[in-house]
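Subject: Structure for you to look at

Hi,

Here is the structure I promised to pass on. Please open it alongside this note, and I will walk you through what turned up.

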Amino acid sequence: MRRPTPTTSGTARTQGNHARDRMPGDPTVSVRDASLGETTGFNARMVAAVIYGGCAWAIWPTSPQWWGLAITSTLFGMGSLASLIAALGSLRASWQRRRVVHRFLVQGTPQKAAPLADHETLRKAGMLE
């Protein structure tokens with residue numbers, strides 16, 4: 001199925017931006033793309049959650065004589081849960097920030113150059129006699 005491409009100003013085409021990712025009003029601001037720092041932070045938190053969870057599962061004791069590992073495993077599990085919550089929180093914050101930017105960009109229209117006022121236009125507007 002073919003995706004409809006939004007109409008964009010000539011600026012978006014000449015700047016080499018991905019016009020399909022830009023919102024009307026400002027062709028240089030992308031609402032869809034997250035920054036590299038946001039993406040890296042989210043991915044690092046998710047990887048940490050998986051590693052902590054894997055460690056918690058791997059060192060869970062199979063017999064009561066290793067009860068000390070149960071405490072360590074529980075701490076790893078808590079760290080996994082905390083990292084997962086932090087990752088989802090950063091994802092939610094990023095989504096909300098992009099939603100606000102989108103709402104702001106939809107309000108306006110692209111800037112246009114006004115025609116230069118000549119003598120006749122100023123006279124008709126009552127600015128000259």
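A residue is called buried when its relative accessible area is under 20%, exposed when that value is over 50%, and partly exposed in between. Leu-91, at 39% relative accessibility, therefore counts as partly exposed. Please keep in mind that this is a predicted model.

First, the overall layout. The chain has 4 helices and 0 strands, so along the sequence the pattern reads α-α-α-α. Of the 129 residues in the chain, 12% are buried. The chain exposes about 10300 Å², and carbon and sulfur atoms supply 64% of that area. Taking contacts between residues at least 6 apart in sequence, 51% join residues at least 24 apart.

Much of what follows concerns helix α3, which covers residues 67-107. Does its length fit its residue count, or not? At 1.5 Å a residue, the 41 residues of α3 should span 60 Å, and its end C-alpha atoms lie 61 Å apart, which agrees.

Which residues of α3 are buried? They are Ala-70, Ser-73, Ser-80, Ser-83, Ala-87, Ser-94 and Leu-105. Helix α2 is among the elements that cover them. Ser-94 counts as buried because its relative accessibility is 5%. Leaving aside residues up to four places away in sequence, Ser-94 touches Ala-34 and Glu-38.

Leu-91 also lies in helix α3, and it belongs to a nonpolar patch on the surface. The other members of that patch are Leu-81, Leu-84, Ile-85 and Leu-88, and together the five residues have about 440 Å² of accessible area.

Now for the charged pairs. Side chains of opposite charge can pair when their charged atoms come close. How many salt bridges are there? The count comes to 2. One of them joins Glu-38, the residue touched by Ser-94, to Arg-97, with the closest N and O atoms 2.4 Å apart. Glu-38 sits in helix α2 (residues 36-58) and Arg-97 in helix α3, so this pair ties together parts that are 59 residues apart in sequence. Glu-38 counts as partly exposed at 25% relative accessibility, and Arg-97 is partly exposed at 44%.

Another salt bridge is formed by Glu-120 and Arg-123, again with the closest N and O atoms 2.4 Å apart. These two residues are 3 apart in helix α4 (residues 119-124), so about one helical turn separates them. Glu-120 is partly exposed, with a relative accessible area of 34%, and Arg-123 is partly exposed as well, at 40%.

The structure also holds 1 aromatic pair. Tyr-52 and Phe-76 form it, and the pair is tilted, with 6.2 Å centre to centre and 40° between the planes. Tyr-52 is in helix α2 and Phe-76 in helix α3, so the pair links distant parts of the chain, 24 residues apart. Tyr-52 counts as partly exposed at 35% relative accessibility, and Phe-76 does too at 28%.

If you are short of time, a good place to start is where α2 meets α3: the Glu-38 to Arg-97 salt bridge and the pair of Tyr-52 and Phe-76 both link these helices.

Best wishes

Conventions
Residues are numbered from 1 along each chain as its sequence is written. This is a predicted model: local features need pLDDT of at least 70, side-chain atom pairs count only at pLDDT 80 or more; totals for chains, interfaces and linings use all residues. Side-chain values use heavy atoms; hydrogens and water are left out. Buried means under 20% relative accessible area, exposed over 50%, partly exposed in between (1.4 Å probe, protein chains only). Contact means heavy atoms within 4.5 Å. Patches are made of residues with over 30% relative accessible area and no salt bridge: like charges are joined within 9 Å, nonpolar side chains (Val, Leu, Ile, Met, Phe, Trp, Tyr) within 5 Å. Accessible areas come from the Shrake-Rupley method with a 1.4 Å probe; for residues, only the protein chains shown count as cover. A salt bridge is a side-chain nitrogen of Lys or Arg within 4 Å of a carboxyl oxygen of Asp or Glu. Rings of Phe, Tyr and Trp (its six-membered ring) pair if their centres lie within 6.5 Å; planes under 30 degrees apart count as stacked, over 60 as edge-to-face and the rest as tilted. The expected span of a helix is 1.5 Å times one less than its number of residues.
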